[in-house]
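I'm opening my notebook on a new structure today. My plan is to go through rings, overall shape and empty spaces, one entry at a time.

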Amino acid sequence: MSVYLYPVATQTPATAYPQDDIAERTKRLLGGGDRKTERIIHYLYSQSGIAKRHSVIEDFLPGHEGGLFFDPTSDSIRVPTTAERNRRYAEEATRLAPQLAQKAIERCPALVPSEITHVVTASCTGFFQPGIDFRIVRECGLSPNTPRFHLGFMGCYAAFPALKLAQTICQADARAVVLVECFELCSLHLQMDAAPDNLLGGSVFADGGGAAIVSARTDLGVPAFRLERFRSTLTPTGEDDMAWNIGDHGFVMRLSTYVPEILHGNIAEAIGPILTDAGLTPEEIRHWAVHPGGRAILDKVRSALDLCEESLAASRHVLREYGNMSSATIFFVLETLYDRRIVDSDEPLLALAFGPGLTVESAILRGV
């Protein structure tokens with residue numbers, strides 16, 4: 001039975017920060033006149049491939065009274081507790097997650113909210129209950145009997161198991177209509193110090209959400225991507241190079257500069273089986289939806305697989321305009337490919353994302 005991914009909807013908070021402004025602010029707040037630290041910050045931000053990022057944090061806007069991270073009265077940074085950060089996550093997620101779900105439903109003009117049969121959500125940047133899955137059901141007009149599934153704390157690759165779960169539900173029930181949403185507020189976990197891992201994370205992560213409808217139905221009135229197959233694998237090394245833990249002052253990420261090199265050495269082997277199962281070679285895929293975890297990650301994936309630059313155009317665009325929004329980011333890439341209508345009917349598309357472990361998630365979709 002064929003299962004389809006219907007129009008992707010994405011959403012970012014209203015506040016957008018130019019990357020150059022973030023770099024200058026970071027140098028002022030964390031550099032402290034130390035030339036070496038300032039040079040590191042300049043290098044990380046100038047080489048990021050990012051033009052701007054969105055955040056629910058408004059502390060650093062000119063004239064803003066400050067709040068979570070910044071005290072304007074003393075011109076100094078604050079270090080909020082995990083509880084403070086999570087409280088802000090709950091406030092913003094309660095407001096934004098239902099808006100995004102409604103946007104995804106509205107992109108299918110032949111679909112009404114009461115036809116949604118299941119909700120699958122994913123997030124790694126906050127926890128509260130009743131959570132975003134509950135809010136979506138209550139505020140989007142879904143049946144109170146709608147089954148809900150939440151995938152938590154997986155990281156950047158969580159959209160793939162979420163979509164795989166939705167596919168499995170639809171294969172079991174031909175009339176199922178599953179709303180999938182990934183919602184992330186990464187900027188709430190900024191670590192305001194000059195540790196290399198924290199400087200690297202602070203240069204790429206941002207806030208955003210992505211959602212889509214997954215169903216075997218063909219009467220929803222819009223084009224789609226067909227979900228063909230998924231594969232998950234772990235690289236032989238990298239367990240200590242990307243990790244994600246809960247600390248007293250936010251969620252703390254271990255993000256080694258070796259991650260791109262680990263992917264470079266392992267990505268071909270990681271995706272070989274899914275291509276073989278589909279009877280495809282890398283040369284037969286014109287468009288790749290690669291999670292833009294950072295500029296170096298995209299560069300290394302391109303180099304390892306000998307891809308042309310145009311095949312990664314959608315991923316480069318999303319990195320430039322939005323940064324890395326963890327699990328939500330792949331939805332932005334798919335939305336870009338969908339809206340540009342550049343994937344032909346029955347043309348294969350390979351999607352990739354990476355996360356703690358190192359975990360490599362892959363999926364083959366086809367244009368419909």
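**Entry 1: aromatic rings**

I started with the rings, and my count came to 10 aromatic pairs. Note to self: this is a predicted model, so everything here is computed from it.

I picked one pair to look at properly. A ring pair is described by how far apart the centres are and by the angle of the planes. For Tyr 89 and Phe 183 the ring centres are 6.2 Å apart and the planes sit at 65°, so I wrote the pair down as edge-to-face. The cut-off I needed for that step is over 60 degrees.

Where do Tyr 89 and Phe 183 lie? I found Tyr 89 in helix H3 (residues 82–106) and Phe 183 in strand E9 (residues 177–185), so the pair ties together parts that are 94 residues apart in sequence.

Next I asked whether Tyr 89 is buried or exposed. Tyr 89 has a relative accessible area of 1%, so it goes down as buried. Phe 183 is buried too, with a value of 4%. The cut-off for buried is under 20%.

I also came across a cluster: ring pairs link Phe 127, Phe 153, Trp 244 and Phe 251. And a charge over a ring turned up: Arg 341 lies over the face of Tyr 338, 4.3 Å from the ring centre.

**Entry 2: the whole chain**

Stepping back, I looked up the secondary structure, and the chain has 10 helices and 16 strands. How compact is the chain, set against a globular protein of that length? Its radius of gyration is 20 Å, and the globule rule gives 21 Å for 368 residues; the two are close, so the chain is as compact as a globular protein of that length.

I noted the box as well: along the principal axes, the C-alpha atoms fill roughly 60 × 45 × 35 Å. Of the 368 residues, 58% count as buried.

**Entry 3: closed spaces inside**

On to the gaps. Rolling a probe the size of a water molecule over the atoms shows where empty space is left. I counted four cavities of 30 Å³ or more.

The largest cavity has a volume of about 320 Å³. It is lined by 21 residues, and Ile 22, Thr 26, Phe 60, Leu 190 and Gly 202 are the closest to its centre. Helix H1 (19–31), strand E4 (52–55) and helix H6 (196–202) are the elements that give two or more residues to this lining. Which element gives the most? That is H1, with five residues. I sorted the lining of the largest cavity by type and got 12 nonpolar, seven polar and two charged residues.

The second largest cavity comes to about 250 Å³. Its lining has 20 residues, and those nearest the centre are His 189, Gly 201, Phe 205, Trp 244 and Met 253. Trp 244 was in my ring cluster as well. H6 and strand E13 (250–255) are the elements giving two or more residues here. H6 gives the most, with four. By type, the lining of the second largest cavity splits into nine nonpolar, nine polar and two charged residues.

**Entry 4: the open pocket**

Then I checked the largest pocket, which has a volume of about 460 Å³. There are 24 residues along its lining, with Leu 200, Pro 260, Gly 294, Arg 295 and Ala 296 closest to the centre. Two or more residues each come from helix H2 (35–46), E13, helix H7 (259–278) and helix H8 (295–305). H8 gives the most, with three. The pocket lining divides into 14 nonpolar, nine polar and one charged.

**Entry 5: two loop residues**

I went back to His 189 from the second largest cavity. His 189 sits in the loop between E9 and H6. With a relative accessible area of 7%, His 189 counts as buried. From His 189 to Gln 129 I noted 60 residues in sequence and 20 Å in space, C-alpha to C-alpha.

Last one for today: Ile 285, in the loop between H7 and strand E14 (287–290). Is Ile 285 buried or exposed? Its relative accessible area is 5%, so Ile 285 is buried. Ile 285 and Ala 195 are 90 residues apart in sequence, and their C-alpha atoms are 39 Å apart in space.

Conventions
Residues are numbered from 1 along each chain as its sequence is written. This is a predicted model: local features need pLDDT of at least 70, side-chain atom pairs count only at pLDDT 80 or more; totals for chains, interfaces and linings use all residues. Side-chain values use heavy atoms; hydrogens and water are left out. On a 1 Å grid over the protein atoms alone, a cavity is a set of points where a 1.4 Å probe fits but cannot get out, and a pocket is an open set with protein on both sides within 12 Å along at least five of seven lines; lining residues have an atom within 4 Å of a point. Grid points are joined across faces, edges and corners, and a volume is the space filled by probe spheres set on the points. Ala, Val, Leu, Ile, Met, Phe, Trp, Tyr, Cys and Pro count as nonpolar, Asp, Glu, Lys and Arg as charged, and the others, Gly among them, as polar. Rings of Phe, Tyr and Trp (its six-membered ring) pair if their centres lie within 6.5 Å; planes under 30 degrees apart count as stacked, over 60 as edge-to-face and the rest as tilted. Buried means under 20% relative accessible area, exposed over 50%, partly exposed in between (1.4 Å probe, protein chains only). A charge sits over a ring if NZ of Lys or CZ of Arg is within 6 Å of the ring centre and within 35 degrees of the ring normal. The radius of gyration is taken over C-alpha atoms; the globule rule is 2.2 Å times the number of residues to the power 0.38.
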